[in-house]
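Biologist: Please take me through the sheet in this model, strand by strand, and then through whatever packs on it or opens beside it. One connected account will do.

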Amino acid sequence: MEIHEQEIIVLENLERYIILNNVEIENKKYFLAMGLKENNDIIPSKVLFVETEFDGQNLFIIKVKNQDLIIKLAKLLKNK
């Protein structure tokens, strides 16, 4: 199970994000997401990277919090 670009995801806190792009580092895929309002308008100030984990039944979406990794991911996407 996986998420894809242009897919809308909903976090546990009910915030909605749209997946814009992805990048892979060391065989792990990370996704760039931007926040959405209820009417699906983008919220430019809500940008984050997420990664996924699948336990065989459930897909977990995890916010990337490591600042060094966020910078690395942003640079990779910029050069993509």
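Modeller: E3 and E4 make a convenient starting point: they pair in the antiparallel sense, over 7 bridges. The model is a predicted one. Within this pair, Tyr30 stands opposite Glu51 in E4. The two strands form a hairpin, with 5 residues between them. In that turn, Asn40 has a positive phi of about 75 degrees.

On the other side of E4 comes E5. The two run antiparallel and are joined by 5 bridges. Two positions fix the register for the eye: Val50 has Lys63 in E5 as its bridge partner, and Thr52 stands opposite Ile61 in E5. E4 and E5 also form a hairpin, here with 4 residues between the strands. Gly56 lies in this turn and has a positive phi of about 100 degrees.

Going back across E3, the neighbour is strand E2. Strand E2 covers residues 16-25 and strand E3 residues 28-36; 9 bridges join them, and they run antiparallel. Tyr17 is a useful marker here, since it stands opposite Gly35 in E3.

Put together, the strands make an open sheet of 5, in the order E1-E2-E3-E4-E5, with antiparallel pairing. The edges are strand E1 (8-10) and E5, each of which pairs on one side only. From one strand to the next, the twist averages 45 degrees. Strands of a sheet pair through backbone hydrogen bonds, in either the parallel or the antiparallel sense.

A helix packs on this sheet: H1, residues 67-78, touches E2, E3 and strand E4 (42-54). The direction of H1 makes about 85 degrees with that of E2.

Next, the charged pairs. There are 3 salt bridges in the structure. One of them is formed by Lys29 with Glu2, whose closest N and O atoms are 3.1 Å apart. This pair links distant parts of the chain: Lys29 belongs to strand E3, while Glu2 sits in the segment before E1, 27 residues away.

Last, the opening. The largest pocket has a volume of about 220 Å³. Its lining consists of Val10, Leu11, Glu12, Asn13, Leu59, Phe60, Ile61 and Lys63. By class, the lining residues divide into 5 nonpolar, 1 polar and 2 charged. The largest share of the lining, 4 residues, comes from strand E5 (residues 59-63). The edge strand E5 thus returns here, and two residues already met in its pairing with E4 return as well: Ile61, opposite Thr52, and Lys63, the partner of Val50, are both among the residues that line this pocket.

Technical notes:
Residues are numbered from 1 along each chain as its sequence is written. This is a predicted model: local features need pLDDT of at least 70, side-chain atom pairs count only at pLDDT 80 or more; totals for chains, interfaces and linings use all residues. Side-chain values use heavy atoms; hydrogens and water are left out. On a 1 Å grid over the protein atoms alone, a cavity is a set of points where a 1.4 Å probe fits but cannot get out, and a pocket is an open set with protein on both sides within 12 Å along at least five of seven lines; lining residues have an atom within 4 Å of a point. Grid points are joined across faces, edges and corners, and a volume is the space filled by probe spheres set on the points. Ala, Val, Leu, Ile, Met, Phe, Trp, Tyr, Cys and Pro count as nonpolar, Asp, Glu, Lys and Arg as charged, and the others, Gly among them, as polar. Two strands pair if DSSP finds at least two bridges between them. Axes are lines fitted to C-alpha atoms, for helices over the stretch in contact, and angles run from 0 to 180 degrees between N-to-C directions. Contact means heavy atoms within 4.5 Å. A salt bridge is a side-chain nitrogen of Lys or Arg within 4 Å of a carboxyl oxygen of Asp or Glu.
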